[in-house]
Amino acid sequence: SRVQTMAAWAKRQSSKWPKYVYGGGHGKLGYGPYDCSGFVSGILHAGGFLNGAPMTTDGLKNWGAKGSGRLITVGVRGSTGRNAHTMIRVGKTYWEAGSRGVGRRSGWSGSFPIRRHPRGYRAGDTVSCSLPPRALELLALNPGFLDPRSASFVGWGLRGGGVVPRV
């Protein structure tokens, strides 16, 4: 799943580049060392939610949709430059690049008044795009593919149409 891919990427990068470096991670996506927004951008890129150049903390204030997501939430605080900070929750794990280095955290490090999530990945959000005919046939045969309580659940990363279910 995207969440597992993002968490695995964050874990690998935080062990490879454990020290925070202001301005780090803003060259080529996926290459450290990292600052907070470079690390969050890399995690979003690993999940397929960000293409192109890494975003600054200022840019992440407007990324995705407003509010906390069910599985992925980017938290942002402060104005710009060294006064701004961002971190991310992926699944039940929090990730941050900051004064304590780069890595996993037990929760939000302070207040993050701005919360953003990927569009279409919040309970109740509409996800719109077309599926190939064969995928539609499979969904008709087994609607449990998109129900997380079902043994046949395959995740919402299919980019199919409909509404993300409330669990």
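**Notebook: R89, the core, rings and charges**

I began with R89, whose side chain reaches the backbone oxygen of R70 at 3.2 Å, a polar contact (a pair of N or O atoms within 3.5 Å, one able to donate a hydrogen and the other to accept it). The model is predicted, so I note that local features need pLDDT of at least 70 and side-chain atom pairs pLDDT 80 or more, while totals for chains, interfaces and linings use all residues. Residues are numbered from 1 along each chain, and side-chain values use heavy atoms, without hydrogens or water.

**Entry on R89**

I found R89 in strand β3 (helices, H or I, of at least four residues and strands, E, of at least two are DSSP runs, numbered from the N terminus). The side chain of R89 also reaches the backbone oxygen of G69, at 2.5 Å. Is R89 buried or exposed? I read R89 as buried because its relative accessibility is 11% (buried is under 20%, exposed over 50%, partly exposed in between, with a 1.4 Å probe on protein chains only). Leaving aside neighbours within four places in sequence, I listed the contacts of R89 (heavy atoms within 4.5 Å) as G69, R70, L71, I72, T73, Y94 and W108. I also looked up R105, which lies 16 residues from R89 in sequence, with the two C-alpha atoms 9.3 Å apart in space.

**Entry on the core**

Which residues touch the most other members of the largest nonpolar core? Among its 22 residues, I noted M6, F39, I43, L44, L60, V74 and I88 in that role (such a core joins buried Ala, Val, Leu, Ile, Met, Phe, Trp, Tyr and Cys through side-chain atoms within 4.5 Å). Two or more residues each come from α1 (2–16), α2 (36–46), β2 (72–77), β3 (85–90) and β4 (93–98). I then followed L44 and, not counting residues up to four places away in sequence, found that L44 touches M6, F49, L50, L60, W63, I72, V74 and I88.

**Entry on the rings**

My search of the whole structure gave 5 aromatic pairs (ring centres within 6.5 Å; planes under 30 degrees apart are stacked, over 60 edge-to-face, the rest tilted). The ring centres of Y34 and F39 are 5.6 Å apart and the planes stand at 55°, so I entered this pair as tilted. Y34 is buried, with a relative accessible area of 0%, and F39 is likewise buried, at 0%. W108 and F112 make a tilted pair too, 5.4 Å from centre to centre with 45° between the planes. In that pair, W108 is partly exposed at 21%, whereas F112 is buried at 3%. I also traced a cluster in which ring pairs link W9, Y34 and F39.

**Entry on the charges**

How many salt bridges does the structure hold? I found 3 (Lys or Arg side-chain nitrogen within 4 Å of an Asp or Glu carboxyl oxygen). The side chains of K61 and D58 meet in one of them, at 3.2 Å from N to O; K61 is buried at 17% relative accessibility, and D58 is partly exposed at 36%. E96 forms a salt bridge with R100, the closest N and O atoms being 3.5 Å apart, and the side chain of E96 also meets that of R105, at 2.8 Å from N to O. I therefore drew E96, R100 and R105 as one network of salt bridges, following the definition. Within it, E96 is buried at 5% and R105 is buried at 11%, whereas R100 is exposed, with a relative accessible area of 59%.

Definitions and conventions:
Phe/Tyr/Trp six-rings, centres within 6.5 Å; stacked < 30°, edge-to-face > 60°.
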